[in-house]
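Hi,

Here is the structure I promised to pass on to you. Have it open while you read, and click on the residues as I mention them.

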Amino acid sequence: MKALTHDPLDIVVTGVGGQGNVLASQVLGRALLTAGYEVTVGETYGLSQRGGSVMSQVRLSSGPVLGPMMPDHRATAIVSLEPLEVLRLVGVYGHPGVVVLTNDRPLRPLGVLAGEQSYPEPEELRATLEGLCASLYWLPATAAALELGNHILANVVLLGALCGLELLPIGAREVEQALGEMFPASKMPPNRQALAKGLALVKEV
């Protein structure tokens, strides 16, 4: 079993309801567990059924099993399916050394669509995030998923990108195996392609 490069390793996976971030954290947790690591997955839901925030935490260490909720400012990495969700969480779980991977596609809430609230311009949001973390990976995950035929694959694209950063003690092969245990064989070709796309995207940054 490969030693942890970060110990403990704390990953936050976030997005809004319906984007598949809970599934992504479960896939990651299963892959780590199958590889022999003691892993804990915790989830918090807001108004997820109405497009509200959803956050999961995947935690592992070489020591005792960790609790499901990490202390503030302890995230090793934050993976987000929606860019504004990163900004919301980086102030809580981030620190100057945190690594951030985010989908670049905004998912504007109803208040913004109704003209009652505002949403920052993407470049403004990107510049702000760059000042709040060690490394920002601003990735076209939804665009890549749409090229594969389904926007929901953006979560697997980001899992592939996470595997490409070598923060994890496992790689894309283990994540693919976990996907194969959770999905029928007919669903695996696009998921394999999404993982490969994420690996390629993060190498281009």
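Let's start at Cys 163. Leaving aside residues up to four places away in sequence, Cys 163 touches Leu 168, Gly 171, Ala 172, Val 175 and Leu 199. Cys 163 itself sits in helix H6. Is Cys 163 buried or exposed? Its relative accessibility is 9%, and the cut-off for buried is under 20%, so Cys 163 counts as buried. Try finding Leu 28 as well: Leu 28 and Cys 163 are 135 residues apart along the chain, while their C-alpha atoms are separated by 9.9 Å.

One thing before we go on: this is a predicted model, so keep that in mind with every number below.

Two of the residues that Cys 163 touches, Ala 172 and Val 175, lead us to the next helix. H7 covers residues 172–182, and in it Ala 172, Val 175, Ala 178 and Leu 179 are buried. Where do the buried residues of H7 point? Look down the helix axis and you'll see them fall within an arc of 120°, so they line one face of H7. What do they pack against? Three helices: H1 (21–34), H6 (154–164) and H8 (188–204).

While you're looking at H8, pick out Arg 192, which lies in that helix. With a relative accessibility of 40%, Arg 192 counts as partly exposed. Its C-alpha atom is 8.6 Å from that of Val 156, and the two residues are 36 apart along the chain.

Now for the whole protein. How many helices and strands are there? You should be able to find eight helices and six strands. Walk along the sequence and they come in the pattern β-α-β-β-β-α-β-α-α-β-α-α-α-α. The radius of gyration is 16 Å, close to the 17 Å that the globule rule gives for 205 residues, so the protein is as compact as a globular protein of that length. If you'd rather think in terms of a box, the C-alpha atoms fill one of roughly 50 × 40 × 35 Å along the principal axes.

A few more overall numbers for your notes:

- Buried residues make up 48% of the 205 residues.
- Take the contacts with a separation of 6 or more: 65% of them are between residues 24 or more positions apart.
- The accessible surface is about 9,600 Å², and 53% of that belongs to carbon and sulfur atoms.
- There are 14 positive and 19 negative charges, and their mean positions are 5 Å apart.

Next, have a look at the strands. Thr 102 is in strand S5, which runs over residues 99–103. Thr 102 has a relative accessibility of 0%, so it counts as buried. Which residues does Thr 102 touch? Not counting those up to four places away in sequence, the list is Ser 80, Glu 82, Pro 83, Val 86, Leu 136, Tyr 137, Trp 138, Leu 139 and Leu 158. Thr 40, on the other hand, has its C-alpha atom 22 Å from that of Thr 102, and the pair is 62 residues apart along the chain.

Compare that with Ser 53 in strand S3. Ser 53 is partly exposed, at 23% relative accessible area. From Ser 53 to Leu 153 you count 100 residues in sequence, and the C-alpha to C-alpha distance is 19 Å.

Last, some backbone details that are fun to look up. Most residues other than glycine have a negative phi, and most peptide bonds are trans. Here are three places that go the other way:

- Asp 7 and Pro 8 are joined by a cis peptide bond, with omega at about 5°. Pro 8 belongs to the segment before strand S1 (9–16).
- His 73 is not a glycine, but its phi is positive, near 60°. You'll find His 73 in the loop between strand S3 (53–60) and strand S4 (77–80), where it is partly exposed with a relative accessible area of 43%.
- Glu 166 isn't a glycine either and has a positive phi of about 60°. Glu 166 is in the loop between H6 and H7, and its relative accessible area of 62% makes it exposed.

That's the lot. Have fun clicking around!

Cheers

Definitions and conventions: Residues numbered from 1 in each chain as written. Predicted model: local features only at pLDDT ≥ 70, side-chain atom pairs only at ≥ 80, totals over all residues. Heavy atoms only, no water. Helix = DSSP H or I, 4+ residues; strand = E, 2+ residues; numbered from the N terminus. Rg over C-alpha atoms; globule rule 2.2 N^0.38 Å. Buried < 20%, exposed > 50% of the residue type's maximum accessible area, 1.4 Å probe, protein only. Contact = heavy atoms within 4.5 Å. Areas by Shrake-Rupley, 256 points an atom, 1.4 Å probe, with all protein chains shown as cover. Lys, Arg positive; Asp, Glu negative; His and termini not counted. Charge placed at Lys NZ, Arg CZ, Asp CG, Glu CD. Arc of directions from axis to C-beta.
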